[in-house]
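Hi everyone, thanks for coming. I'd like to walk you through how the parts of one model touch each other, so pull it up on your screens.

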There are 4 protein chains.
Amino acid sequence: MHPKEERIIAAAIEKFSKKGANSTTIQEVATAAGVGKGTIYRYFENKEGLISSLIEFGIDKVSKAIKEGLIGLDDPVEKLEAIIIAKLEFYNQHYDFGRFLMREIWGHKDKFEDHIQLIRDNHTVVLEETIEEGIVAGKFKEVNVETAAVSLMGMININALHWMMFNQEFPIEELKNDIIELFFDGVLEKS
Amino acid sequence: MHPKEERIIAAAIEKFSKKGANSTTIQEVATAAGVGKGTIYRYFENKEGLISSLIEFGIDKVSKAIKEGLIGLDDPVEKLEAIIIAKLEFYNQHYDFGRFLMREIWGHKDKFEDHIQLIRDNHTVVLEETIEEGIVAGKFKEVNVETAAVSLMGMININALHWMMFNQEFPIEELKNDIIELFFDGVLEKS
Amino acid sequence: MHPKEERIIAAAIEKFSKKGANSTTIQEVATAAGVGKGTIYRYFENKEGLISSLIEFGIDKVSKAIKEGLIGLDDPVEKLEAIIIAKLEFYNQHYDFGRFLMREIWGHKDKFEDHIQLIRDNHTVVLEETIEEGIVAGKFKEVNVETAAVSLMGMININALHWMMFNQEFPIEELKNDIIELFFDGVLEKS
Amino acid sequence: MHPKEERIIAAAIEKFSKKGANSTTIQEVATAAGVGKGTIYRYFENKEGLISSLIEFGIDKVSKAIKEGLIGLDDPVEKLEAIIIAKLEFYNQHYDFGRFLMREIWGHKDKFEDHIQLIRDNHTVVLEETIEEGIVAGKFKEVNVETAAVSLMGMININALHWMMFNQEFPIEELKNDIIELFFDGVLEKS
DNA sequence: TATGAATGAGAGTTCATTCAT
DNA sequence: TATGAATGAACTCTCATTCAT
């Protein structure tokens with residue numbers, strides 16, 4: 001990636017996340033990136049394209065964090081833990097960007113399907129595979145893998161966002177443990 | 001609520017949901033509502049205010065559906081089931097509006113906190129109370145109530161959205177059962 | 001025609017004729033017309049549409065001048081004289097507008113055919129009919145009517161433009177007589 | 001002329017004629033010419049200058065065609081015929097370029113006078129001289145030479161353009177004969 | 001109370017031109 | 001000499017908002 005493209009992406013993340021893509025002008029991004037307005041149009045087709053690129057960039061970033069977290073792990077339980085931590089940490093470190101992603105992913109009618117697919121391919125599938133492994137290994141029940149994966153994703157995402165709204169601190173370790181416990185054991189008291 | 005206000009709200013939901021609030025002009029809403037452009041400004045301060053009203057309207061709608069579903073129920077387990085069904089049905093019937101809510105809630109910096117608070121007060125709290133009841137009744141484990149409630153909300157929402165993306169059918173009953181099973185029992189195989 | 005539309009047309013003729021449509025901004029036209037920029041877009045689809053309207057307006061204006069000049073005339077020779085005078089006078093009074101027309105008619109690919117057709121229907125056909133009448137009356141030779149009409153039009157237009165370039169005065173009467181003589185008698189010395 | 005300059009001129013004629021100078025970017029011309037954008041600015045001061053050069057190039061081309069057609073001719077009548085044919089053939093072969101010339105000549109305020117003068121010096125004057133010769137030789141009547149020359153030019157140009165608009169075929173020979181007949185003899189039936 | 005014509009700030013986008021390489 | 005990445009002035013067009021009717 002061209003260094004100027006990188007600077008534009010960084011500046012756009014910074015600005016779009018703070019004020020929303022909609023309320024941010026191309027000029028603001030350009031200024032923040034230290035380039036001319038026209039330069040942005042050399043690297044991105046238009047504003048829409050810039051937004052799309054950011055979304056893809058974000059999805060990719062999370063993907064990579066997840067993959068890194070998984071290195072050297074074999075046990076499905078440990079792997080799920082690693083994924084949860086990776087995602088919580090991402091949201092913890094990139095609160096505004098996370099909010100930007102939440103907002104924009106739902107907003108671009110035509111690219112929408114592409115992005116959802118990208119999330120599926122990059123985020124959901126890892127969870128599905130890991131859960132599948134657990135089932136095969138006899139560690140997990142024979143649950144509906146897809147629903148389980150999506151559910152876990154929902155637990156992680158919404159918890160992360162929720163904590164970021166209502167609390168100053170973001171106790172990753174504790175939150176992870178609670179989610180793990182819930183996802184693994186459920187809420188029912190076993191008699 | 002004045003009948004004209006109602007027509008404006010209905011028209012705005014219809015239009016904003018289809019194309020996004022941003023890409024919809026006040027004129028379009030006015031035309032769809034069968035009123036003059038100026039009339040909208042009689043009932044709503046400005047476009048932002050209209051969007052806010054829609055969000056509040058949506059949150060309220062879900063709230064009411066939940067409350068209705070809870071009528072006559074006492075058992076925490078049954079109550080959670082009822083909530084899950086109420087929310088799944090809402091998303092099933094109002095796909096576009098759901099997407100609109102997902103998008104716009106994250107987008108309005110100043111009103112943002114208000115809306116999140118509203119969701120908390122109207123949606124999360126019911127879950128928390130119900131889970132709390134279950135714990136008190138000795139049916140649920142002593143989990144972190146807040147995390148459990150938010151997790152369940154995440155499971156429901158993201159599953160609903162996920163199904164709407166990737167599938168034609170939306171098997172509410174089955175999905176509800178899977179979520180219930182997961183939330184109550186977890187994925188771990190009990191030896 | 002709405003009075004505001006008229007003011008915009010007048011202002012656009014004024015501005016476009018002076019500087020060329022291309023070098024004139026919509027803002028300039030708006031200011032000259034004493035209306036807001038947006039108002040222009042209420043009456044004309046876009047700048048292109050405004051230019052087209054002006055062209056049509058111009059063609060129509062000449063048409064009307066010709067028709068007025070023909071009132072009460074029967075003799076083909078007199079009618080041709082009247083047409084020549086009407087056109088020369090139009091160019092004499094609207095030099096800049098004439099130049100604008102000359103320029104813009106050739107310039108708008110898609111509307112081009114429409115405008116040429118309009119000129120044909122409004123300007124050329126009158127000449128053709130009159131020449132035809134003269135032939136039928138036995139006053140004119142059996143020339144190719146179309147070529148004769150177009151030729152006369154060329155003589156008038158280019159002479160008018162030529163005089164406007166290189167001379168201060170525009171001796172309509174004399175020019176008309178010269179054109180009439182040429183068109184009626186040709187240049188050859190009859191032995 | 002440097003070969004690169006020639007390629008730029010050829011490319012510019014090609015592009016400007018098709019889409020209009022205004023709607024053609026320097027980049028398009030550069031690409032079509034197979035040179036870099038900057039190179040154009042080595043040979044032409046700016047876009048305006050390039051357009052001017054093309055106009056001059058076009059006027060010159062017609063001039064040369066006329067001069068070639070006149071080689072070996074002495075009789076004024078034959079000479080006029082040759083000029084008519086040369087111009088008709090030019091328009092026939094370079095329809096788009098002809099349209100470009102018609103359009104751009106009227107459009108550049110400052111250079112405008114220069115170009116008109118150039119046309120006068122290169123095109124009109126030949127006609128004037130030839131007509132003058134004819135008068136001196138007693139073959140033509142003592143018409144106003146300037147008006148006669150300009151008239152003939154108008155007849156040729158507008159007929160050429162007219163035919164190109166409304167007909168597929170362009171019968172040069174026939175058109176030439178009609179114009180010659182008109183210009184020499186006029187339309188009046190001699191008793 | 002209801003309207004929609006009028007407005008103009010403001011945004012995205014283009015592209016002629018420059019200049020470091 | 002030739003290039004094309006970078007620039008930013010300038011343009012068209014949109015649309016939320018106002019206000020006279």
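Let's begin with a term: a salt bridge is a side-chain nitrogen of Lys or Arg within 4 Å of a carboxyl oxygen of Asp or Glu. With that rule, chain D and chain C have two salt bridges between them.

Quick housekeeping before we go on. This is a predicted model, where local features need pLDDT of at least 70 and side-chain atom pairs count only at pLDDT 80 or more, while totals for chains, interfaces and linings use all residues. Residues are numbered from 1 along each chain as its sequence is written, chains are lettered from A and ligands numbered from 1 in the order in which they are written, and side-chain values use heavy atoms, with hydrogens and water left out.

Okay, chains D and C. In one salt bridge here, the side chains of D:Glu104 and C:Arg103 come together at 3.5 Å, N to O. There are also 17 residue pairs in polar contact between chain D and chain C, both residues at pLDDT 80 or more. A polar contact means a pair of N or O atoms within 3.5 Å; within protein, one must be able to donate a hydrogen and the other to accept it, and residues adjacent in sequence count only if both atoms are side-chain atoms.

Which helix of chain D gives the most to the side that touches chain C? Helix 8 of chain D does, with 14 residues. (Helices here are DSSP runs of H or I, at least four residues, numbered from the N terminus.) Overall, the contact takes 50 residues from chain D and 49 residues from chain C, where contact means heavy atoms within 4.5 Å.

How much area is that? The size of an interface is often given as the accessible area lost when the parts come together. Buried area is that loss, taken with a 1.4 Å probe and summed over both parts. Chain D and chain C bury about 5,000 Å², and 61% of it is on carbon and sulfur atoms.

Now swing over to chains A and B. About 5,000 Å² is buried between them too, with carbon and sulfur atoms giving 61%. On the chain A side, A:Arg103, A:Trp106 and A:Lys141 lose the most area to chain B, together 15% of what that side buries. Two salt bridges link chain A and chain B, and in one of them B:Arg103 meets A:Glu104 at 3.5 Å, N to O.

What turn lays chain A on chain B? It takes 180°, with a shift of 0.0 Å along the axis, and the RMSD is 0.1 Å; the copies are superposed by least squares on the C-alpha atoms of residues with pLDDT of at least 70 in both. That is the relation of a two-fold axis. And 100% of the interface residues of chain A are also interface residues in chain B, so the copies meet through the same surface.

Last stop: inside chain A. The domain assignment, which is automatic or from a database, gives domain 1 (1-44) and domain 2 (52-185). Those two domains of chain A bury about 790 Å² between them, 73% of it on carbon and sulfur atoms. In domain 1, A:Ile9, A:Ile13 and A:Ser17 lose the most area to domain 2, together 53% of what that side buries. The count between the two domains is one salt bridge and zero residue pairs in polar contact, both at pLDDT 80 or more.

Note on methods: Helix = DSSP H or I, 4+ residues; strand = E, 2+ residues; numbered from the N terminus.
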